[in-house]
Amino acid sequence: MVEPAALAEVARTTPVADRSDVLVVGGGPAGVSAAVAAARSGAEVTLVERYPYLGGLASGGMVLVLDDMVNGEEITTTGLVGELIERLEKLGLAVSPPPEDRRVGWDVWRTWARWGCNDFRARGRPQPIVYAVAFDPDGWKRVSGDVIVESRVKLRLHSWFAEPIVEDGRMRGAIVETKSGRQALLSDIVVDATGDLDVASRAGAPHVTGAYMVTTVFRLGNVDTEAALRFEHEQPAAFAALDREAKHLLGGAWDMWWLKTPLSGVVWCNCPHMTGYDAVRVEDMTAAELEGRRRIAALVAFARAELPGFARCYLLDVAPQLGVRQTRLLQGEYVVTRQDVLERRHFPDTVCRGRDYYTPYRALLPRRIDQLLVAGRHYSADPQAQKVSREIPPCMVQGQAAGIAAALALSAGIRVRDVDPAAIQRAMRAQGADPGDVPSANAVSASAVP
Ligand SMILES: Cc1cc2nc3c(=O)[nH]c(=O)nc-3n(C[C@H](O)[C@H](O)[C@H](O)COP(=O)(O)OP(=O)(O)OC[C@H]3O[C@@H](n4cnc5c(N)ncnc54)[C@H](O)[C@@H]3O)c2cc1C
């Protein structure tokens, strides 16, 4: 008998487990921001997340530096991201250079480069030290949970988005898979913050499939960072040779493959870089997890044997979530291009900003489907543009704008695509976020909204 290539599933009845104004799918940086912003704007909000914690790549992915936050001396990504940083600082779980250290100089380079607080886009050495924040992943989970609870968002963890509920081209909620079976979560508006466009793509929104390297991020414990830094600075030639070998074993890494964290003796390793994997394909993700662990084991053995400061180190943990930078990208009402980002193009409907670039409201709006918003790394951008505009802080600002837009649509009784961007800008400011409506001196004006 020939096995069929596909099976028809049996139609079933799914219990309605929840009803809200706004359903946010995905509890990463963008989703937490969207949920809190919508709730603080008066909407009843439900947030679903597949894992048992909030934070997405910032916690489960162990991406532990908030960067791309400044345009010169101006801090451009503000609002909820700033609030989470303040909460982490109060817990002693966030570290950033003080204003007097944000400059060019070997002294500040030696202090701050291994915290990931250098402007990694600048040419030459030493690169300027800028405002960036190294933080702790469990701290991020905790403060994300705190703002969600305080904002009275209905949180449903352990719930894996399975199907969108769409009626006549309009979102009505989503179906999730849980330990107790499938559940329907009904809502007037849905925000897709899954990072991989799970909701919008299955609802039929036009999108493209991009790709970028993936990473099994890991942390090492019991590292004598002072000894490691002394060796690096006092014996640069010997350091360079060993560092090359470490990167060779990793099979690809940024310039600094280990960085300090707020926990003494614990370093995070934003590596290895692994290419050729499709990060929404189970076979590829499985292979990447195994390959990443193989490379990490080789690196740890080498580090213990050869690297000053690492003799007694151990593998503390490998991030529970595979580090996925890019998969599906929305092709929304406007598709942000690499030129838009690099030329700092400013749009009349700008509602959020990254370091020195601007994001129009149209880049959060899918075509064809109503009452759906998208926020985070899968926003409407071409693959090259997304690579340079996907950091955690701008994803959070996008989330805040999307949450506010959803609440504005509800209170006015209109479709999300009809919300006036000027109203979003005003509400963003009222919530302490800079929507980027006033361009900086180095921005370039785009033509009016078509
Ligand atoms: C290895 C690596 C290094 C990086 N380095 C940096 C850096 O140094 N600094 C920086 O600022 N940024 C960095 N980034 C980028 C940044 O981490 C991401 O772009 C950012 O976290 C995106 O936020 P998000 O909320 O859009 O998506 P995510 O963080 O991916 O969050 C999506 C959330 O949705 C949930 N979800 C997904 N699918 C479903 C589903 N079907 N059902 C329910 N829940 C679901 C996920 O579990 C997750 O919680 C890095 C990324 C990677 C991978």
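This talk goes through the domains, the ligand shell, two helices and a few backbone details of one predicted model.

Let me begin with the overall division of the chain. The domain assignment gives domain 1, made up of 16–60, 141–212 and 327–445, then domain 2, which covers 97–130, and domain 3, which covers 213–324. If we take the centres over C-alpha atoms, domain 1 and domain 3 are separated by 32 Å. The contact between them takes seven residues from domain 1 and nine residues from domain 3, and on the side of domain 1 that touches domain 3 the classes are three nonpolar, two polar and two charged residues.

Now to the ligand. The shell around the ligand has 39 residues, and those that come nearest are G26, G28, G56, G195 and G376. By class, the shell divides into 18 nonpolar, twelve polar and nine charged residues. As for where these residues come from, domain 1 and domain 3 each contribute at least three of them, and at the level of secondary structure, α1, β3 (65–66), β9 (160–167), β18 (323–324) and α11 each supply at least two.

Since α1 has just come up among the elements that supply the shell, let me stay with that helix. Its twelve residues should span 16 Å at 1.5 Å a residue, and the end C-alpha atoms are 17 Å apart, which agrees. Is α1 enclosed by the rest of the structure, or open? Twelve of its twelve residues are buried, so α1 is largely enclosed by the rest of the structure; the buried residues run from P29 and A30 at one end to A39 and R40 at the other, with G31, V32 and S33 also among them. The cover over these buried residues includes β1 (16–25), β2, α2, α4, β11 (181–192) and α11 (392–412). Just after the helix, G42 takes a positive phi of about 105°.

One of the elements covering α1 is α4, and that is the second helix I would like to discuss. Helix α4 runs over residues 137–150, which is 14 residues, and it reaches 20 Å from its first C-alpha to its last, close to the 20 Å expected at 1.5 Å a residue. The buried residues in α4 are P137, G139, W140, V143, S144, V147 and I148. These residues cover an arc of only 165° around the axis, which puts them on the same side of α4, while on the other side V149 and E150 are exposed. What covers the buried residues of α4 includes α1 (29–40), β2 (45–48), α2 (80–90), β7 (133–135) and β8 (154–156). The helix is followed by R152, whose phi is positive, near 60°.

Let me turn briefly to a single residue, L242, which is found in helix α7, residues 236–250. With 18 C-beta neighbours inside 10 Å, L242 counts as partly exposed, because it falls short of the 20 needed for a buried residue but has more than the 12 allowed for an exposed one. If we leave aside its neighbours within four places in sequence, L242 is in contact with E306 and L307. L242 and R415 are 173 residues apart in sequence, and their C-alpha atoms are 58 Å apart in space.

I will finish with the backbone. Most residues other than glycine have a negative phi, and most peptide bonds are trans. Against that background, where does this model have cis peptide bonds? One joins R125 and P126, with omega about -5°, and P126 has its place in the loop between α3 (106–112) and β7. Another joins C271 and P272, with omega about 5°, and P272 sits in the loop between β16 (267–269) and α8 (282–306).

There are also positive phi values to note in the loop between β22 (358–360) and β23 (372–374), where R368 lies and where Q371 has its place as well. Phi of R368 is near 75°, and phi of Q371 is near 60°, each a positive value in a residue other than glycine. Are these two residues buried or exposed? R368 counts as exposed, with 11 C-beta neighbours inside 10 Å, whereas Q371 is buried, with 21 other C-beta atoms within 10 Å.

Notes. Residues numbered from 1 in each chain as written. Predicted model: local features only at pLDDT ≥ 70, side-chain atom pairs only at ≥ 80, totals over all residues. Helix = DSSP H or I, 4+ residues; strand = E, 2+ residues; numbered from the N terminus. Expected span 1.5 Å × (residues − 1). Arc of directions from axis to C-beta. Contact = placed C-beta atoms within 7 Å. Near = placed C-beta within 6 Å. Nonpolar A, V, L, I, M, F, W, Y, C, P; charged D, E, K, R; others polar. Domains from an automatic or database assignment.
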